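Below are some notes on one sheet and one helix of the model. Please read them with the coordinates open.

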Amino acid sequence: MEPSTAASSTPAATEAPLQILGMDWDVLLGKAIFLAVVIVLALVVQHFVIRASSKLLARAQALPQASIITNILRVVVWVLALLSVLDPVFGVTPTAFLAGLGVGSIVISFGLKDTISNIIAGLGLMVSKVVTPGDYVTIAGITGTVKDVTWRHTIVINRLDEYVVIPNSVLNTSSVVRLPLSSESTCTVDFTMEAGRDPNAVSDDLVSAVAQAVEDRLVEGTRPVVRFSSITPYGIQGQVSVNVVEGVPFGGVRDEIVRVIARKPYFSTLTPEEAPQVASDGAPGSGA
């Protein structure tokens with residue numbers, strides 16, 4: 001009697017392990033756990049590094065406390081975390097990755113040249129302390145307080161409560177005027193006074209009227225100041241200046257001052273056609 005086929009067959013093959021993405025599930029699970037641990041450690045290290053650096057900068061005042069500094073530290077922490085998981089998780093050696101990155105950076109630099117320019121400019125501004133958060137500056141015709149210096153731009157807040165975003169590369173190619181903090185509270189309004197009026201009487205009247213209109217918004221102990229600057233065919237050019245308390249936008253204060261001036265009889269409303277002509281010798285022309 002012939003032995004049965006079942007008895008003569010080879011032993012049953014062992015069951016193949018479950019595979020995901022071409023890897024055994026236990027290997028994939030180990031890689032996932034390792035990656036999760038590195039991410040958690042990076043988050044913890046980032047938290048303590050940012051806190052420690054903020055305290056050191058505040059104590060030593062070596063560099064301004066701008067967000068660009070903390071962002072650089074974050075990038076360093078995460079780059080180190082990425083390099084630590086390349087080989088164990090993705091099977092890519094750090095040296096091969098850096099070599100490929102060197103070639104790819106040439107292509108990336110062309111697409112991100114503006115961003116790179118802004119980052120380098122921001123670092124230069126911080127190291128040289130050209131502008132720091134809290135400075136009162138005028139940049140490319142924009143006047144306000146520097147709120148922050150980020151990777152790509154500098155944020156300036158003016159007294160109209162407007163946030164003005166200026167690319168860092170613009171700061172590198174434009175003149176930056178650092179103004180005294182006392183200038184931050186000065187709100188000015190230009191006006192033209194009719195010729196023939198007494199400047200002293202007009203000045204006293206405007207000081208009294210403007211002070212009454214914006215009294216609750218003036219810095220304590222200050223009063224409006226009226227100055228005259230030039231004589232034109234339209235009248236005498238003047239300027240009203242007031243010191244506004246911190247946190248009050250200039251827009252409302254200017255509106256009140258303009259309304260006060262507009263109601264005055266000495267406010268010049270001459271048009272260019274009505275303005276007297278000035279002869280070449282500086283005297284008003286007779287027209288004949």
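1. Strand 4 (residues 142–149) pairs with strand 5 in the antiparallel sense, over 4 bridges. Two strands count as paired if DSSP finds at least two bridges between them. Strands (E, at least two residues) and helices (H or I, at least four) are DSSP runs, numbered from the N terminus. Valine 146 stands opposite valine 156 in strand 5, and a hairpin of 3 residues joins strand 4 to strand 5.

2. On provenance: this is a predicted model, in which local features need pLDDT of at least 70 and side-chain atom pairs count only at pLDDT 80 or more, while totals for chains, interfaces and linings use all residues. Residues are numbered from 1 along each chain as its sequence is written, and side-chain values use heavy atoms, with hydrogens and water left out.

3. Strand 5 (residues 153–157) also pairs with strand 6, again antiparallel, over 5 bridges. Isoleucine 157 stands opposite tyrosine 163 in strand 6, and threonine 154 faces isoleucine 166 of that strand. The hairpin of strand 5 and strand 6 has 5 residues between the strands, and aspartate 161 there takes a positive phi near 65°. Of the 5 residues in strand 5, 4 are buried (under 20% relative accessible area with a 1.4 Å probe, protein chains only; exposed is over 50%, partly exposed in between).

4. These strands belong to an open sheet of 5 strands with antiparallel pairing, in the order 6-5-4-3-7. Strand 6 (163–167) and strand 7 (176–178) are the edges; each has a single partner strand, so one side of each is left without a neighbour in the sheet. Neighbouring strands are turned by 45° against each other on average, direction ignored (axes are lines fitted to C-alpha atoms, for helices over the stretch in contact; angles run from 0 to 180 degrees between N-to-C directions).

5. What span should helix 7 have at 1.5 Å a residue? Its 15 residues (199–213) should span 21 Å, and the end C-alpha atoms are 21 Å apart, which agrees. The expected span is 1.5 Å times one less than the number of residues. At the N-terminal end, aspartate 198 caps helix 7, with a side-chain oxygen 3.2 Å from the backbone nitrogen of asparagine 200.

6. The buried residues of helix 7 include Val202, Leu206 and Val210. The buried residues of this helix pack against strand 8 (186–193), strand 9 (225–232), strand 10 (235–243) and helix 8 (250–262).

Terms used. Contact = heavy atoms within 4.5 Å. Polar contact = N/O pair within 3.5 Å; in protein donor to acceptor, adjacent residues only side chain to side chain.
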